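Me: I would like to learn how to read a fold from its model, feature by feature. Could you take me through it?

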Amino acid sequence: MKNRAAIVSAALALLIAPAFVSAGIFFEKEPFTSWGFSPGYKTGDKLYFIANYALRRRAKGIAAFPDGGIPKTIFAKTIFAKTYFCSFDTVENKLDILAHLGDERLPGGISGGVVYPTVKFNLKKGVFYAVYRIKKHSNTGPDTYGMFSWDMEKRRLVKIQTELQESFFEEHFGRGEAEPEMLAHYKMYRLVKEIPLEEWGLPTVLDYCKKSDSAYVKDLILLRGDHSYRRFVIDKLGGELSADGIRDILEKMEKRKNKLKSYQKLKYELGCKETREALEGLLKNK
């Protein structure tokens, strides 16, 4: 009977969870950051690439059943997402956002925590051609692609309409086209990851999670949010925290760790490493 009750409970959870999930009830308040980078197309000193930035909320409670849950973008609207076509000057270390492509998070594989969207590039007579996957379908239909051309001299983007996609692909990415020289997506990410969000014109996680300073301090101790969230919290509080205030946070983190046991203690210790190092670095400058 116990097994039957457990099965019934699990089935009910799966039935009612989507309704609550879509309503946004079972999601953590603290957003987490997701970056996506295509490989970079090399030409001269410049790299051309597609970048995707998204802020999402993780499932919690019943919405996380049975294995951690699916981030909110699967069930409901993304909090924020932008996709850009960009260039990066490797000599001047300068980012140039060439065009806004859309407001969706791109699908793709994940390596080292960074998504790499499915993208194809080609360059002919001063015109850049690109195909990138917008949506990935399983058994419900074909994948959806975005296609565009970019005139490098006129700095003009032309999006390709759906009915022209097949001929566009055949003309610019068909057989006989040589594979261009590309910089791997993770190397592309390393090149531009230190560029401030202000230069991208993008919001931070804190723009979508307003709290009091004391609540932010509690988030640091409880390790709420991801590393990016806690880094922005530390940056925000940095000028206001005294040396004693920072020491107090570090002491409370140590006490919390010591109250935990076995796996949870190890998980907390590993999870707080970057946060502790950032706080200790801030303390040295006080």
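Reply: Gladly; we go from the whole chain to strands, helices, turns and cores. This is a predicted model, in which local features need pLDDT of at least 70 and side-chain atom pairs count only at pLDDT 80 or more, while totals for chains, interfaces and linings use all residues. Residues are numbered from 1 along each chain as its sequence is written, and side-chain values use heavy atoms, with hydrogens and water left out.

Me: How many helices and strands does the protein chain have?

Reply: Helices (H or I, at least four residues) and strands (E, at least two) are DSSP runs, numbered from the N terminus. The protein chain has 10 helices and 12 strands.

Me: What share of the residues in the protein chain is buried?

Reply: Buried means under 20% relative accessible area, exposed over 50%, and partly exposed in between, with a 1.4 Å probe and protein chains only. Of the 286 residues in the protein chain, 41% are buried. Accessible areas come from the Shrake-Rupley method with a 1.4 Å probe, and for residues only the protein chains shown count as cover. The chain exposes about 16,800 Å², with carbon and sulfur atoms supplying 51% of that area. As for contacts (heavy atoms within 4.5 Å), take those with a separation of 6 or more: residues 24 or more positions apart account for 61% of them.

Me: Now the strands. Which strands pair with E10?

Reply: Two strands pair if DSSP finds at least two bridges between them. Strand E9 (residues 127-135) is antiparallel to E10 over 8 bridges, and valine 131 stands opposite methionine 147 in E10. Strand E11 (residues 156-159) also runs antiparallel to E10, joined by 4 bridges; there, arginine 156 is the bridge partner of aspartate 151. E10 itself (residues 144-151) is mostly covered, with 6 of its 8 residues buried.

Me: And what are the partners of E2?

Reply: Strand E2 (residues 40-43) pairs antiparallel with strand E12 (residues 182-183) over 2 bridges, where glycine 40 faces leucine 183. E2 is also joined to strand E3 (residues 46-56) by 3 antiparallel bridges, and tyrosine 41 has tyrosine 48 in E3 as its bridge partner.

Me: Which residues in the turns and loops take a positive phi?

Reply: Most residues other than glycine have a negative phi. In the hairpin of E2 and E3, with 2 residues between the strands, glycine 44 in the turn has a positive phi of about 65°. The hairpin of E10 and E11 has 4 residues between its strands, and arginine 155 there takes a positive phi near 50°. Arginine 155 is partly exposed, at 45% relative accessibility. Asparagine 93, in the loop between strand E4 (80-89) and strand E5 (94-102), also has a positive phi, near 50°. Asparagine 93 is exposed, with a relative accessible area of 55%.

Me: On to helices. Where on H8 do the buried residues fall?

Reply: An α-helix has 3.6 residues a turn, so residues three or four places apart point the same way. In H8 (243-259), the buried residues are Ile246, Ile249, Leu250, Met253 and Lys257. Seen down the axis of H8, they fall within an arc of 95° (taken from the directions from the helix axis to the C-beta atoms), so they line one face of the helix. The face turned away from that buried side carries the exposed residues Asp244, Lys255 and Lys259. Cover for the buried residues of H8 includes H6, H9 and H10.

Me: How does the span of H10 agree with its number of residues?

Reply: The expected span of a helix is 1.5 Å times one less than its number of residues. For the 12 residues of H10 (residues 273-284) that gives 16 Å, and the end C-alpha atoms are 17 Å apart, which agrees. Thr275, Leu279, Leu282 and Leu283 are buried in H10. Down the axis of H10, its buried residues fall within an arc of 105°, so they line one face. They pack against helices H6 (213-222), H7 (227-237), H8 (243-259) and H9 (262-271).

Me: Last, which residues touch the most other members of the largest nonpolar core?

Reply: A nonpolar core is a set of buried Ala, Val, Leu, Ile, Met, Phe, Trp, Tyr and Cys residues joined through side-chain atoms within 4.5 Å. The largest has 43 residues, and Phe49 and Trp200 touch the most other members. Leaving out residues up to four places away in sequence, tryptophan 200 touches residues including Trp35, Phe37, Phe49, Tyr84 and Ile195. Apart from this core lies another, of 16 residues, among them Tyr41, Ile50, Ala130 and Tyr132.
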